[in-house]
Amino acid sequence: MKIIKRVPFAAVVQAWLKAEWHDPIFDQNRNKVSQSLVDDEDFSSQQDNGLRYRLLRTLRSPILDTLPQGAIWYSATYAMADVDRTFIVPSNDWGPISGNQYRPAAVLPNLSGNDPHALKIGSIKASLSPVDRRLVLVASDMNSVLTVIEGNHRLVAILADAIEKGAQDPLIEEVFVGISPAMRKYIFHIEQYLAAAR
């Protein structure tokens, strides 16, 4: 992982909302909210930033509301070497398909089944070209383990596609990563799960 630059959290929210905008929960909002608000990467308007955050919260409040305050956010490249220290969200529904390892690579052998995650990953892999590859990850420091809090299915699909095609690094040109020592106690970060499992 190589840092590109520091970014405001508003940039993370915009990319996250854009990735989630297809969700049926936003069906009613699409008629009321301009698409330009979702696509716009100008973060000078606090009103627009606040609206994007409120929209995203309607779908992702548990993840957003418990994020540690004061995390520093960066855009960074993501390499194949980063996969070994990356975990998907350690929620019960990801347990079976990952063999309770919560690692992207552990999901790969299980993509031929009828697990809902496998079906979604297969669908994404079949249409990767138009897919926004910017994931959102968190870590307690730059060298610690990483957890994907947005884009778990996309990461597995991207990884499967890269292995199949022998793709070169970086695996992903840009991801967002939030860094804070407080992430060790963040319920959606793998360090919390690993500590409890000891």
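**Exercise 1. Place strand β4 in its sheet, starting from V138.**

Step 1. V138 stands opposite G178 in β6. The model is predicted: local features need pLDDT of at least 70, side-chain atom pairs count only at pLDDT 80 or more, and totals for chains, interfaces and linings use all residues. Residues are numbered from 1 along each chain as its sequence is written, and side-chain values use heavy atoms, with hydrogens and water left out.

Step 2. Add the neighbouring position: L137 stands opposite V177, also a residue of β6. Strand β4 (residues 136–139) and strand β6 (residues 172–179) pair in the parallel sense over four bridges. Strands (E, at least two residues) and helices (H or I, at least four) are DSSP runs, numbered from the N terminus. Two strands pair if DSSP finds at least two bridges between them.

Step 3. Turn to β5 (residues 146–150), which pairs with β4 in the antiparallel sense over three bridges. Here V136 is set opposite E150. A hairpin of six residues links β4 to β5.

Step 4. Assemble the sheet. Its six strands follow the order β1-β2-β6-β4-β5-β3; the sheet is open and its pairing is mixed. β1 (2–6) and β3 are the edge strands, and each has a single partner, so one side of each is left without a neighbour in the sheet.

**Exercise 2. Decide whether the faces of β4 are covered or open.**

Step 1. In a regular strand the side chains alternate between the two faces of the sheet.

Step 2. Sort the residues: V136 and V138 are on one side of β4, L137 and A139 on the other.

Step 3. Apply the cut-offs: buried means under 20% relative accessible area, exposed over 50%, and partly exposed in between (1.4 Å probe, protein chains only). All four residues are buried, and both faces of β4 are therefore covered.

**Exercise 3. Contrast the surroundings of N152 and N92.**

Step 1. Locate both residues. N152 lies in helix α7 (residues 152–165), whereas N92 is in the loop between β3 (86–87) and α5 (104–107).

Step 2. Read the accessibilities. N152 has a relative accessible area of 9% and is buried; N92, at 70%, counts as exposed.

Step 3. List the contacts of N152, where contact means heavy atoms within 4.5 Å. Leaving aside residues up to four places away in sequence, N152 touches F87, I88, V89 and W94.

Step 4. For N92, take a distance along the loop. Its C-alpha atom is separated by 9.8 Å from that of Y102, ten residues apart along the chain.

**Exercise 4. Describe the protein as a whole.**

Step 1. Count the elements: there are eight helices and six strands. From the N terminus on, they run β-α-α-α-β-α-β-α-α-β-β-α-β-α.

Step 2. Check compactness. The radius of gyration is 16 Å, close to the 16 Å that the globule rule gives for 198 residues, so the protein is as compact as a globular protein of that length. The radius is taken over C-alpha atoms, and the rule is 2.2 Å times the number of residues to the power 0.38.

Step 3. Give the extent and burial. The C-alpha trace spans about 45 × 35 × 30 Å along its principal axes, and 47% of the 198 residues count as buried.

Step 4. Finish with contact range. Among contacts between residues at least 6 apart in sequence, 71% join residues at least 24 apart.

Definitions and conventions. Contact = heavy atoms within 4.5 Å.
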